[in-house]
Amino acid sequence: MPASGCVSRCSSSRCVDRTTTTLEDEIRGAAQNATGSGKTLLMHANILQFRQYAKASNRENEFSRSVLITPNESLTDQHLREMEQNGLASQRFRADLLGSPDLARVDVIEITKLGDVRRENTVAVSEFGDNNLLLVDEGHRGLGSEEETGWLKRREAISARGFVFEYSATFAQAVAAAGSESITQAYAKSVLFDYSYRYFYEDGFGKDYSILNLAKEGIDTRRYLTACLLAYFQQLRLYDRDALALRPFHLEKPLWVFVGGSVSKPGGANQDEKAAIADVAKIVLFLGEFLADPATSKKDIELLLTQSGAANGMVDADGNDIFANCFPVLQGILGAGGTVDEIYGWILAEVFQSRAGGILHITRIKGDSGEIHLRVGHAEQPFGLINVGDAKGLADHIRDQIPAEKVEIADSEFDDRPLFAGASDSQSPVNILIGAKKFIEGWDCWRVSTLGLMHVGKSEGSQIIQLFGRGVRLKGFDWSLKRSSRCTRINVARPANIQWLETLQVFGIEAEFMQRFRDYLAEEGLPGNERKEVIEVPMHTTRNFGTRLKVLRPKRKKDNGKEYDFKLDAPLPILKLPLPDKIIARQIELDWYPRIEAVAVGKADVSEATTKQTQLFKSHQLALIDWDAVFFDLEAFKRVRDYENVLIHRDDLPKLFADGHSAWYRLYAPDTVMQPRTWAEVRQWQLIATTLLKRLIEALYNYQKGAFFEQRLEYRELTADDDNLPKPDERWQMMVDASESTLIADLKQLAADVETLAQAIKKSGAAGPLQDKSRPGGLPPDALLGGIHLYSPLLHMPDGAGTASRIKILPVALKDSEYEFVKHLHDYLLENAAEFVGKEFFLLRNKARGGGMGFFEAGSFYPDFILWVLDGDQQHIAFIEPHGLIHEGINSPKVQFSKVIKGIERRLGDSNVTLSSFILSPTQLGALQKNFGLSSLEDFLDLNILFMKNDTEYISRLIGKVRGE
C-alpha cells in the first residue's frame, strides 16, 4: 500500500542500496521535515491516505487502531487541537479505551506513558496489540539517548504487523548519534521524504539567520551581551514602528530567547545541569548590571554604535568585526541627531517595561509552574521569564552568587500568574525568555527573533537543530511561510528594514556551543552567515540631462532660502474633535476578522467569515478601556513613527468614539468581540481602540502635511546635486557570506564588467540602447545600464531568487515588476523610434524617502519612477508605480492620486507642464475586478491603471496618456 505521496529527496551520503529492503522495512515510512515546513499537515494527509487505501483494498479489519505517540503532554494537547480543526476524530488515550479500538479515531499518548508492564501512570505496549497504524511525532526520540532507552523497542512492538509513519526534523543527526548500523540502515531505507532545513532554507522558507559569533577569549562579556541586546532592541523598535505596515507579512513581536539544559535538582544533578545554572546566572547578572550601572551601559552602547570592532574589542579569533553592519537603524538614529541617552531610555521603556529604570527584581512563583519572573523594581509588568525546572534551586543559586544591589529576589504566592503559556502571544509582556530544552518540542511560537545558546549537553546535536528550527519559523506574506525577499506575489509595499525582522540572530554564552552550531550548518551545506563579504558597484549619473527637467519641491522661504519644513513651519496637528472632513470621508477601516481567525483557526463561524459585521463602540464599552494606557501607547507610537509634533490630550481620546462622532472609522468584527464573556476579551477593546487611533494619527499627520505643502510646491530644475540622484561616492552593496568563494568571484567579475560599461556610457553622455549584464551563466543579480535612465546601473534581484537569496543588495534592488517595466519601456521606444523623432525621454528611479518625491496627499506615496517626455517647449511628467493592487480598492489613496496630481497641476498653473500618475499592475485583471467593481481594461484605464500581464499594449497606452493623446 502506498505510504505517502512524497518524492524522496536525499543527499548521496544518505542513500543506500535498496535491493536489501525487507518486508519489515516496507511497513515504516519516515519524513524528515524542517521545523515549520508542515510535518503536522503531512501527518494528517498520511492518516487519510492510509484509511483510503486500507478501505480500497478491503483490509480495514486487519488494523486495530490509530495511535499517535508524542514526546510530552503539551504536544499531545497541540495535536488534539489541530486534529479537531482539520476534522479528524481524536482523543487523549486512556486505559479504559483498550477495549474499543477504532482505526477511524486517533488515540494520542505520550511515549513516557508506555511501558513493558501496566502501572499507575503507564500502559503496557502488549495491551495495544501489534497491528496498529502508528504515528510518531519527533520520531528521532529514543534512537540514541540513555534516558530514552527502550522507547524504540516499545514503538516497534505496537506496529509489528501494522504500519508506522514517523516525523522529525532531525533523523539524520539522531541516527548519527545512535552509532548503530542497524538503525542507520533502517532509516536510510524508510525516509521517504528529506526536506531538512537546508532545502527548506534554499527554497526561501523560514527566516534568514545571522550568527553573532562569540568573540575571542578574554573579551568583555558584558559588552558582547550588550551588543546582543542592541540587536534585539533594533528588531523590537522596527516592529513597533511599522506594526501596521508589517501586518500583511504576519510578523510577530520579537522575542529574545535563551535556551539550554533543564535543572532538576538544587545545584544541578550533573555537570550539564551545573553548567546550565551557571549560564542562567551569567544572563541574570548581565541584566542586573545593565540596569544598575547606566553609565557603563551607555558607554558600551556608544562604543558599539560608533566604533569598529578593533576599537570596541568585539572581534573574533580571526580579527573580524563581529557586529559589522548589524545596527544600521540604531546608527541612523545617532546620525539623525539622536543620543545614546535616548537609546538607553528607549531600551528601558520598550525592552524592560520601565521608563524610570531601577534594580532587577526576580520573583519565584510558588507552585508547580517552575517560573521566575523578571521585572525592573516594582514595575507592574514583568519583562522576562525564567523556566528551567527547579525554580527554587536556581533562585537560591542566584541569591548566593549575585550581589543584592544588582538583583533583588523574592517569592510570590499571589502577585503573579504563570506567564509561559501566553509568551507566544505578541500581546504578552514577556520580551526575554530564559528556558530549558523541555519546551523545544511542541512549543507553538512564532515570536523568536534572537536566540542565545546555553549549555545543552555534548550529545544533543538534534536539540540544537530543533532550537534553531523554532527560531526560524515564519508565517510570511499571505501565509506563504517565506521570507518577503523570496515571495513572488507581494502586492503591498515591502516595509523598509523588514529583513531584520525576518532574520534569526544567534549567539552563544560559550564558544563551544557556537562551534557546534557552525559545524551543524556546515554538515547541512548551509552558509555560516557570520562574516560578510561586501562587493561594491559605483553609481554614475550617465545621462546628460542639462537643466531642462522639472521636479516638484517645497518652496524656499524668503528669510533664509531654506525649503519649508512641516515640523518647523506648520501648525501643530492636534488629535481632537472636530476632525477634518476629508479624513471622515475617507474613513479609516480596521478588519478584526484576521486576528480572530489567527486566534481560533477553524472555529470561526462561516456566516461571520462570509458577511463581515460592522461595529461601533458604545459608552459602556468606552468606560472599561484604560485610557491612560492608550495615551502612553500613542505617545510611544509618535516617537517611533517620528510624529513628535502631533499633540494628544488624554481626555480627548474617548470623545473621538462618542455617539455622533464615530463616522471617521469602520470596524469589521463579529458580534462576539463586542459581547465578551471574559475580561481577557474585554481587553481586546483597548487594543482595537489603540489600533484605530494609531491609524487616525497617521491619517491626520499625512493630511495636514499634505495640506501644508499643497500651497507650497513649485517647479524647480533638476540639478546634478539633487537628493534623488546618486552622490559621487554612492554605491550599490552586494553582501554575501564570506565562505561563498565562487559566488564572490562571480560578483566581483560582474562588478568589474558593469563599472567598465558604466564609464563608457558616462563618457558618451547620450541615450544609447539599454544594456543588461548578469553573472556568468545568466545568473542574478542583473544590472541595467544606459538607455534613458539618468544613472547606471540599476540592479535587479528576481523575486524568489532561489540560491541567489544568499545575496543581499543595498539599496533595495529592483523587483520583477520594476525590472520588466524598464525593459518593456525601452523595447517600445526602440521599436517605435521613428514616431518619436524630436522628442526626448528621461527616466529616474524615485527614492522611497530621503530625497525622493513623495506625496502626502496620497498617504506618503513615493512612486517608483519618474518619466519625463520633452516635446519642444512642452514637458510631460509622469509618476509611475509598477506594483500589484490585490490589497487595494478603488478608494485607495494611490489609485485616487491620479486625480489629486491633476489638482496639483492646476494649482501650479504652468501651461507647458503636465503632471500624471499611473499604476502598472502585475496582478491579473481577474483578481481585481471584484474589489474595484470594474470589469474591463478600459474601465481601469480611466483610473490610470494598466495591466502588465493582460495588456500587451500597456506601454503604448501609457505613453499615449502621458502625452495627453
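Which residues does Gly852 touch, not counting residues up to four places away in sequence? In the predicted model examined here, Gly852 touches Arg553, Asn724, Asn846, Lys847 and Tyr862 when those residues up to four places away are left out of the count. Gly852 belongs to the loop between β34 and β35, and, because its relative accessible area is 12%, under the limit of 20%, it is classed as buried. Between the C-alpha atoms of Gly852 and Pro863, which stand 11 residues apart along the chain, the separation is 8.9 Å.

The chain as a whole has 965 residues, of which 55% count as buried, and its secondary structure comes to 31 helices and 38 strands. Among the contacts between residues at least 6 apart in sequence, 75% join residues that are at least 24 apart. The average pLDDT of the chain is 82, and 83% of the residues score at least 70. Over residues 1–19, however, pLDDT stays under 50, and for this stretch the model has 44 contacts beyond four places in sequence. Residues 595–610 likewise have a pLDDT below 50, and that stretch has 15 contacts in the model beyond near neighbours in sequence.

Helix α2 covers residues 73–85, and its 13 residues should span 18 Å at 1.5 Å a residue, so the 19 Å found between its end C-alpha atoms agrees with the expected value. At the start of α2, a side-chain oxygen of Asn72 comes to within 2.9 Å of the backbone nitrogen of Leu75, and just after the helix Gly87 takes a positive phi of about 75 degrees. The buried residues of α2 are Leu75, Thr76, Gln78, His79, Leu80, Glu82 and Met83. An α-helix has 3.6 residues a turn, so residues three or four places apart point the same way. The partners against which the buried residues of α2 pack are the helix α1 (39–56) and the strands β2 (66–70), β3 (90–92), β4 (106–110) and β7 (133–137).

A second helix can be described in a similar manner. In α31, which runs over residues 954–962, the residues Tyr954, Ile955, Leu958, Ile959, Gly960 and Val962 are buried. These buried residues pack against the helix α27 and against the strands β34 (839–845), β35 (865–871), β36 (874–881), β37 (913–921) and β38. After α31 comes Gly964, and the phi of this glycine is positive, near 75 degrees.

Positive phi values also appear in residues other than glycine. Asn944, which is not a glycine, has a positive phi of about 60 degrees, and its place is the loop between α30 (937–941) and β38 (945–947). Asn944 counts as buried because its relative accessibility is 11%, and its side chain reaches the backbone oxygen of Ser917 at 2.9 Å. With neighbours within four places in sequence left aside, Asn944 is in contact with Ser898, Ser917, Phe918, Ile919 and Lys961. Asp478 is another residue other than glycine with a positive phi, near 55 degrees, and it is found in the loop between α15 (461–471) and α16 (498–501). Asp478 is exposed, because its relative accessible area is 60%, over the limit of 50%.

Cis peptide bonds were identified before two prolines, Pro578 and Pro811. The bond that joins Leu577 and Pro578 has an omega of about -5 degrees, and Pro578 has its place in the loop between β22 (574–575) and α19 (581–586). For the bond from Leu810 to Pro811, omega is near -10 degrees, and Pro811 sits in the loop between β33 (808–810) and α27 (816–831).

Finally, a search of the whole structure for enclosed spaces finds 9 cavities of 30 Å³ or more. The largest cavity has a volume of about 80 Å³, and its lining is formed by Lys207, His250, Leu251, Glu252, Pro254, Trp446, Arg447, Ser449, Arg473, Leu474, Lys475 and Leu501.

Technical notes. Residues are numbered from 1 along each chain as its sequence is written. Side-chain values use heavy atoms; hydrogens and water are left out. pLDDT is the predictor's confidence in each residue, from 0 to 100. Contact means heavy atoms within 4.5 Å. Helices (H or I, at least four residues) and strands (E, at least two) are DSSP runs, numbered from the N terminus. The expected span of a helix is 1.5 Å times one less than its number of residues. Buried means under 20% relative accessible area, exposed over 50%, partly exposed in between (1.4 Å probe, protein chains only). A polar contact is a pair of N or O atoms within 3.5 Å; within protein, one must be able to donate a hydrogen and the other to accept it, and residues adjacent in sequence count only if both atoms are side-chain atoms. On a 1 Å grid over the protein atoms alone, a cavity is a set of points where a 1.4 Å probe fits but cannot get out, and a pocket is an open set with protein on both sides within 12 Å along at least five of seven lines; lining residues have an atom within 4 Å of a point. Grid points are joined across faces, edges and corners, and a volume is the space filled by probe spheres set on the points.
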